[in-house]
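Good morning, everyone, and thank you for making the time. I would like to walk you through one model today, and I will ask you to keep the picture in view while I talk.

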Amino acid sequence: MSHAAHHLPATSALIDGRVVSRSAAAAVGLCKVYGKGETRVTALDEVSVEFGRGEFTAIMGPSGSGKSTLMHCMAGLDTVSSGSVRIGETQLSGLDDGALTKIRRDKLGFIFQAFNLLPTLTALENILLPLQLAGRTADQQWLDAVVASVGLADRLKHRPSQLSGGQQQRVACARALASRPEIIFADEPTGNLDSRSGSEVLSFLAASVRELGQTVVMVTHDPVAASYAGRVVFLADGRVVDEIHQPTAETVLARMKHFGTGTVS
Ligand code: ADP
Ligand code: MG
């Protein structure tokens, strides 16, 4: 280890002579309060969490525990009340709307419960649209790998209405991957899918982590979905209360029961 590396925080690494964070994103002491007076709600209460590069993390917790708020604050879609959020090497606090928009466009990928594909575009056109809007030329090798891993080679010229729900969500996943973002945030990505389509989407997300080195953070209330991740972070009442590594559906379910507020559905 070089002399310089000795003085780095444990969360940083020296790569090619540059100090680089080991994690793709982190929140430190993150608080989010909505409303005031009688309607005041503390959605996030001193949340500190880090998401490792090339890791697949699931965020679980009862309804109202702050899962979506955490995702929105980390993605710069919502302001924080106190604490800090870092995406890659960039602290979000203090950035203006323009800079936040640029971060979201260049460093983040999003997958939501609703697929949000444009109905008049083909699958491939949907995948490429964000890059085109950003005026960026794609890394062709990366795009080829992403498109190949969607497993829709014969359907890339189809429109969303000609695809199943699971296929549409895989297209939405490929769209999130296309710009090779620092991190992908997915909020209940399988919430609208039957279990078979859901497992296709989850397998695809897991493969993007394993084979392409992508970093994925996924909110879910489904223990089976969470078992595709390498790590599960549990929220309750706006706080991180536990985490498990190498989860199985059984260990996740047991932990949810332990908190006594499981929203198994
Ligand atoms: P989850 O995604 O875990 O179900 P949320 O992050 O959506 O939870 O919500 C956490 C808490 O914050 C809840 O009590 C919710 O009612 C509250 N909340 C979320 N968004 C808002 C908002 N825009 N205005 C007021 N309260 C909100
Ligand atoms: Mg939510």
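Before I come to the ligand, let me fix one term: when I speak of a polar contact, I mean a pair of N or O atoms within 3.5 Å. Please also keep in mind that what you see is a predicted model, and that the values I quote are computed from it.

With that cut-off in hand, what lies 2.8 Å from an oxygen atom of ligand 1? It is a polar atom in the side chain of Lys67, and because a polar contact is defined as a pair of N or O atoms within 3.5 Å, this pair falls inside the limit. Two further pairs belong beside it: a polar backbone atom of Gly66 is 3.1 Å from an oxygen atom of ligand 1, and the side chain of Thr69 places an N or O atom 2.5 Å from an oxygen atom of the ligand. On its own, ligand 1 has 560 Å² of accessible area, and the protein covers 58% of that.

If we now step back to the surroundings of the ligand, the shell includes Tyr34, Val41, Ala43 and Pro62, together with the run Ser63, Gly64, Ser65, Gly66, Lys67, Ser68 and Thr69. Which element gives the largest share of this shell? That is helix H2, with three residues, while E4, like H2, supplies at least two.

This brings me to the sheet, since H2, which spans residues 67-74, packs on it and touches E3, E4 and E6, its direction making about 120° with that of E3. The sheet itself is open and is built from four strands in the order E4-E3-E6-E7, with antiparallel pairing. Its edges are strand E4, residues 41-52, and strand E7, residues 90-91, each of which pairs on one side only. Further in, strand E3, residues 23-34, and strand E6, residues 82-87, pair in the antiparallel sense over five bridges, and if you look for Ala26, you will find that its bridge partner in E6 is Arg86.

Finally, a few words about the chain as a whole, which has nine helices and 12 strands. Of its 265 residues, 48% are buried, and the chain exposes about 13,000 Å², of which carbon and sulfur atoms supply 52%. Among the contacts with a separation of 6 or more, 67% are between residues 24 or more positions apart.

Notes. Residues numbered from 1 in each chain as written. Chains lettered and ligands numbered in written order. Predicted model: local features only at pLDDT ≥ 70, side-chain atom pairs only at ≥ 80, totals over all residues. Heavy atoms only, no water. Pairing = 2+ DSSP bridges. Contact = heavy atoms within 4.5 Å. Axes fitted to C-alpha atoms, helices over the stretch in contact; angles between N-to-C directions. Buried < 20%, exposed > 50% of the residue type's maximum accessible area, 1.4 Å probe, protein only. Areas by Shrake-Rupley, 256 points an atom, 1.4 Å probe, with all protein chains shown as cover. Near = heavy atom within 4 Å. Polar contact = N/O pair within 3.5 Å; in protein donor to acceptor, adjacent residues only side chain to side chain.
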